[in-house]
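Trainee: Could we go through this model together? I would like to begin with the strands and then move on to other topics.
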Amino acid sequence: MVDRSEWLASLPPSAAANLAEVWIPVALPGFSGREKADRQARLDARYGPDGWRPAHLVRGRVVPPAEAIREYEEAYRVFLRDRRPLVAFLAEHCGNVYDDSVENVFDDTYEQPHTASNHYQDIAVRRVIAELADDLEWPEVEPTEPGEAELLDLGTGQRHRVPRAHGFRGDALLQIREPESPGFMLSPAVVPVHDPALITTLPGRQEWYHLEGCGHLSVEAFWQMSKVVEVRYDRFLAAGAARADPLGSGGD
């Protein structure tokens with residue numbers, strides 16, 4: 001079979017250099033979870049660590065994850081500001097929140113190269129409550145002194161000495177995860193996306209967040225469905241016949 005990417009070699013070096021600076025979205029990867037490291041290794045091997053990058057499609061533009069995550073956090077901001085009783089519960093009764101591991105409480109950034117899977121909902125909740133603690137219009141949320149506290153995990157009954165999040169003055173540790181978790185009311189499948197322009201779907205794809213909360217209208221659906229993998233065009237051409245399987249999920 002003829003490799004229809006051979007035309008690149010016939011072009012002058014300046015043309016190849018131009019194409020090395022062109023990035024195109026090649027696939028919608030969807031949810032990765034604990035396959036995060038495997039997916040990265042697969043794409044590194046196929047395109048080189050500098051030949052691909054994660055991105056999101058937001059309002060018709062391909063943008064870096066750092067720009068898309070601002071929309072994710074804004075959804076939590078809108079959700080919580082519309083639910084004062086929920087904010088009061090968090091501020092009065094909880095000391096911190098986490099996703100899949102208690103160690104999540106030590107992360108304060110959305111950039112998480114060290115984790116087996118990413119966790120964003122707990123960080124978004126902590127950031128919004130911290131804002132409200134410094135907002136005089138929200139007296140139910142009070143500034144708290146930094147430091148550690150003995151918190152009772154409402155789901156497991158175990159106690160953990162962990163940092164107290166700013167604005168959380170209670171003694172409970174709240175897991176935000178599946179419907180069985182005490183904090184499901186803050187699951188990213190439950191929190192709706194705040195802007196209809198961010199809602200997308202892919203007929204035929206069904207992942208866990210389609211089956212919980214508000215499904216394809218949720219902030220989790222926005223995050224997962226807006227994901228794209230961008231690849232340098234010269235590296236994409238160099239993949240040859242494997243271009244038909246851009247994520248390498250079906251083997252080379």
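Trainee: In which sense do E5 and E6 pair, and over how many bridges?

Mentor: Strand E5, residues 148-153, pairs with E6 in the antiparallel sense, over 5 bridges. Please bear in mind that this is a predicted model.

Trainee: Which residue in E6 stands opposite alanine 149?

Mentor: Opposite alanine 149 stands valine 162 of E6. Likewise, glutamate 148 faces proline 163 in E6.

Trainee: And what lies between the two strands of that hairpin?

Mentor: The hairpin of E5 and E6 has 5 residues between its strands, and glycine 157 there takes a positive phi near 80 degrees.

Trainee: Does E5 have other partners, and if so, which residue in E7 is the bridge partner of aspartate 153?

Mentor: E5 also pairs with E7, in the parallel sense over 2 bridges. The bridge partner of aspartate 153 in E7 is leucine 173.

Trainee: What is the strand order in the sheet?

Mentor: The order is E4-E7-E5-E6, in an open sheet of 4 strands with mixed pairing. Strand E4 (94-98) and strand E6 (159-163) are the edge strands, each pairing on one side only. On average, neighbouring strands of this sheet are turned by 40 degrees against each other, direction ignored.

Trainee: Which helix packs on the sheet, touching E4 and E7?

Mentor: That is H4, whose direction makes about 110 degrees with that of E4.

Trainee: Back to E5: which residues are on its covered face?

Mentor: Ala149, Leu151 and Asp153 form the covered face, whereas Glu148, Glu150 and Leu152 form the uncovered one. In a regular strand, side chains alternate between the two faces of the sheet.

Trainee: Changing topic, does the length of H3 agree with what it should span, and what are the values?

Mentor: At 1.5 Å a residue, the 17 residues of helix H3 (65-81) should span 24 Å; the end C-alpha atoms are 24 Å apart, which agrees.

Trainee: Which residues of H3 are buried, and what covers them?

Mentor: The buried residues of H3 are Ala68, Ile69, Glu71, Tyr72, Glu73, Ala75, Tyr76, Arg77, Phe79 and Leu80. Their cover includes strands E2 (52-58) and E3 (61-63), together with helices H4 (84-93), H5 (121-133) and H6 (219-225).

Trainee: Finally, how many disulfides are there?

Mentor: The count comes to 0 disulfides.

Trainee: Is cysteine 94 buried or exposed?

Mentor: Cysteine 94 counts as buried because its relative accessibility is 0%, whereas cysteine 214, at 26%, counts as partly exposed. The cut-off for buried is under 20%.

Note on methods: Residues are numbered from 1 along each chain as its sequence is written. This is a predicted model: local features need pLDDT of at least 70, side-chain atom pairs count only at pLDDT 80 or more; totals for chains, interfaces and linings use all residues. Side-chain values use heavy atoms; hydrogens and water are left out. The expected span of a helix is 1.5 Å times one less than its number of residues. Buried means under 20% relative accessible area, exposed over 50%, partly exposed in between (1.4 Å probe, protein chains only). Contact means heavy atoms within 4.5 Å. Two strands pair if DSSP finds at least two bridges between them. Axes are lines fitted to C-alpha atoms, for helices over the stretch in contact, and angles run from 0 to 180 degrees between N-to-C directions. A disulfide is a pair of cysteine sulfur atoms within 2.5 Å.
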